[in-house]
Structure formats: structure tokens, C-alpha cells
Amino acid sequence: MATERTLSIIKPDATTRNLTGKINAKFEEAGLRIVAQKRIQLTKEQAGVFYAVHAERPFYGELCEFMASAPVVVQVLEGEGAILKNREVMGATNPADAAPGTIRAEFAQSVGENSVHGSDSPEAAAEEIAYFFSGLELVG
Ligand code: CMP
């Protein structure tokens, strides 16, 4: 399997509960390397552009409000099959369906406040990484 990069976001419900380190320990234990990282405060508009693919969903407004409600940590994870591996470590979107030991099973509060985001395809990963990071910020 090829080495890949994927975008990870630690969401407001997790940053406000001081869970950044515990979450990143799960990624590192799974063999994923954090090759770029920053803590930022999104505006609702910036969150809206990031989640534009969900613009027609009933939860879109709530999602954008939530993502702008407190700081987030945006980061790039690198490793063998990183896109799928990140999604495995995160667990299912709804924590009620997430496998034991996954980030969402252990830390998420609801389907909306689900602690982490991860890119779902190579195309999305490239687009999402470029939304938050310039090439100069990807130091490996
Ligand atoms: P994420 O992986 O960041 O991608 C889109 C997000 O929309 C998802 O995680 C959830 O946080 C959110 N989401 C999905 N379904 C719902 C829902 N039914 N209600 C509220 N938020 C949702």
C-alpha cells in the first residue's frame, strides 16, 4: 500500500475538553505521523466552505455553527494507507455505531459533536489539505 496523506481535524467538543493529546496518541499508536499541525479558530463562513459538500443537508447550519464555536486543530497525517487507517482509528461517524477502542467510541458526544473529522478519499484529502496548508507548511 502506498504512503498517503490525509486531513484530520480535532473538533471543538474535543479541544474544549482538552483531549488533543489523547486523540493524537491514538493516531500515533496506529502508525500515523503528524506532518503538519495548527490550532485555529474557524469562522462560520470558513467552516461552510470546508463542508460545502453538505450544504443541502438539514444539519449543515448546525455543523458550521459548531465548527466555529471554539478552536479546532487541523493536521495532516501521513502513513501507509493513511486515508483508510485514519477512518478506522476515528470509528463510525455516529459514536453509537463506533467500534470499541476507536476515538469516536471513547470520546465523541453525539453524531454532530463527534470529536474528529477525516478525509474520505484521495481527492478529498488533496482538496482538504490544500484548504488549510500551503506546500511550505508540509515539512514531513
Ligand atoms: P465529519 O466526518 O466531519 O463530516 C460531516 C459531519 O457532519 C460529520 O462528521 C458529523 O459531525 C456531521 N453530521 C453528520 N450527520 C449529522 C447529523 N445527523 N446531525 C448533525 N451533524 C451531523
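The following conversation goes through a predicted model, from the ligand site to several individual residues.

User: Let's start with the ligand. Where does it sit?
Analyst: The ligand occupies the largest pocket of the model.

User: And which residues are around the ligand?
Analyst: The residues around the ligand are Lys11, Tyr51, His54, Phe59, Leu63, Thr93, Arg104, Val111, Gly112, Asn114 and His117.

User: What are the polar distances to the ligand from Lys11, Arg104 and Asn114?
Analyst: For Lys11, an N or O atom of the side chain is 2.7 Å from an oxygen atom of the ligand. Arg104 has a polar side-chain atom 3.4 Å from a ligand oxygen. For Asn114, a polar side-chain atom is 3.3 Å from an oxygen atom of the ligand.

User: How much of the ligand's accessible area does the protein cover?
Analyst: On its own the ligand has 450 Å² of accessible area, and the protein covers 79% of that.

User: Changing topic to Gln75. Is Gln75 buried or exposed?
Analyst: Gln75 counts as buried because its relative accessible area is 0%, under the 20% cut-off. Gln75 belongs to strand E3, which spans residues 72-80.

User: What does the side chain of Gln75 make a polar contact with?
Analyst: The partner is the side chain of Gln37, at 3.0 Å.

User: Which residues is Gln75 in contact with, leaving aside its neighbours within four places in sequence?
Analyst: With those neighbours set aside, the contacts of Gln75 are Thr6, Leu7, Ser8, Ile10, Asn24, Phe27, Ile34, Ala36, Gln37 and Phe133.

User: Thr6 is in that list. Where is the place of Thr6?
Analyst: Thr6 is part of strand E1, residues 3-10. Thr6 is also buried, at 0% relative accessibility.

User: What polar contact does the side chain of Thr6 make?
Analyst: The Thr6 side chain makes a polar contact of 3.4 Å with the side chain of Ser119. Beyond its neighbours within four places in sequence, Thr6 is in contact with Gln75, Val76, Leu77, Ala82, Ile83, Asn86, Ser119, Ala125 and Ile129.

User: How far apart in space are Thr6 and Arg87?
Analyst: Their C-alpha atoms are 9.9 Å apart, with the two positions 81 residues apart in sequence numbering.

User: What about Arg5, how exposed is that one?
Analyst: Arg5 lies in strand E1. Arg5 is classed as partly exposed because its relative accessible area is 31%, between the 20% and 50% cut-offs.

User: Which side chain does the side chain of Arg5 make a polar contact with?
Analyst: The side chain of Arg5 makes a polar contact with that of Glu78, at 2.7 Å. Not counting residues up to four places away in sequence, Arg5 touches Val35, Val76, Leu77, Glu78, Ile83, Ala125, Ile129, Leu138 and Gly140.

User: And what separates Arg5 from Asn18?
Analyst: Arg5 and Asn18 are 13 residues apart along the chain, and their C-alpha atoms are separated by 25 Å.

User: On to the backbone. What is phi of Asn18?
Analyst: Phi of Asn18 is near 60 degrees, a positive value in a residue other than glycine. Asn18 is in the loop between helix H1 (12-16) and helix H2 (20-29). Asn18 counts as exposed, at 70% relative accessibility.

User: Why is a positive phi worth pointing out?
Analyst: Because most residues other than glycine have a negative phi.

User: And what is the phi of Ser115?
Analyst: Ser115 has a positive phi of about 70 degrees and is not a glycine. Ser115 is located in the loop between helix H6 (103-107) and strand E4 (116-118). At 0% relative accessibility, Ser115 is buried, whereas Asn18 is exposed.

User: Next, Thr15. What does its side chain lie 2.6 Å from?
Analyst: A polar atom of the Thr15 side chain is 2.6 Å from the backbone oxygen of Pro71. Thr15 is in helix H1 and is buried, with a relative accessible area of 7%. Setting aside residues up to four places away in sequence, Thr15 touches Ile10, Thr20, Arg39, Pro71, Val72 and Val73.

User: Last one: is Val53 buried or exposed?
Analyst: Val53 counts as exposed because its relative accessibility is 71%, over the 50% cut-off. Val53 is in the loop between helix H3 (44-50) and helix H4 (60-67). From Val53 to Ile10 the C-alpha distance is 19 Å, and the two are 43 residues apart in sequence.

Definitions and conventions:
Residues are numbered from 1 along each chain as its sequence is written. This is a predicted model: local features need pLDDT of at least 70, side-chain atom pairs count only at pLDDT 80 or more; totals for chains, interfaces and linings use all residues. Side-chain values use heavy atoms; hydrogens and water are left out. Helices (H or I, at least four residues) and strands (E, at least two) are DSSP runs, numbered from the N terminus. Buried means under 20% relative accessible area, exposed over 50%, partly exposed in between (1.4 Å probe, protein chains only). A polar contact is a pair of N or O atoms within 3.5 Å; within protein, one must be able to donate a hydrogen and the other to accept it, and residues adjacent in sequence count only if both atoms are side-chain atoms. Contact means heavy atoms within 4.5 Å. A residue is near a molecule or strand if one of its heavy atoms lies within 4 Å of it. Accessible areas come from the Shrake-Rupley method with a 1.4 Å probe; for residues, only the protein chains shown count as cover. On a 1 Å grid over the protein atoms alone, a cavity is a set of points where a 1.4 Å probe fits but cannot get out, and a pocket is an open set with protein on both sides within 12 Å along at least five of seven lines; lining residues have an atom within 4 Å of a point. A molecule sits in a cavity or pocket if more than half of its atoms lie within 2 Å of its grid points.
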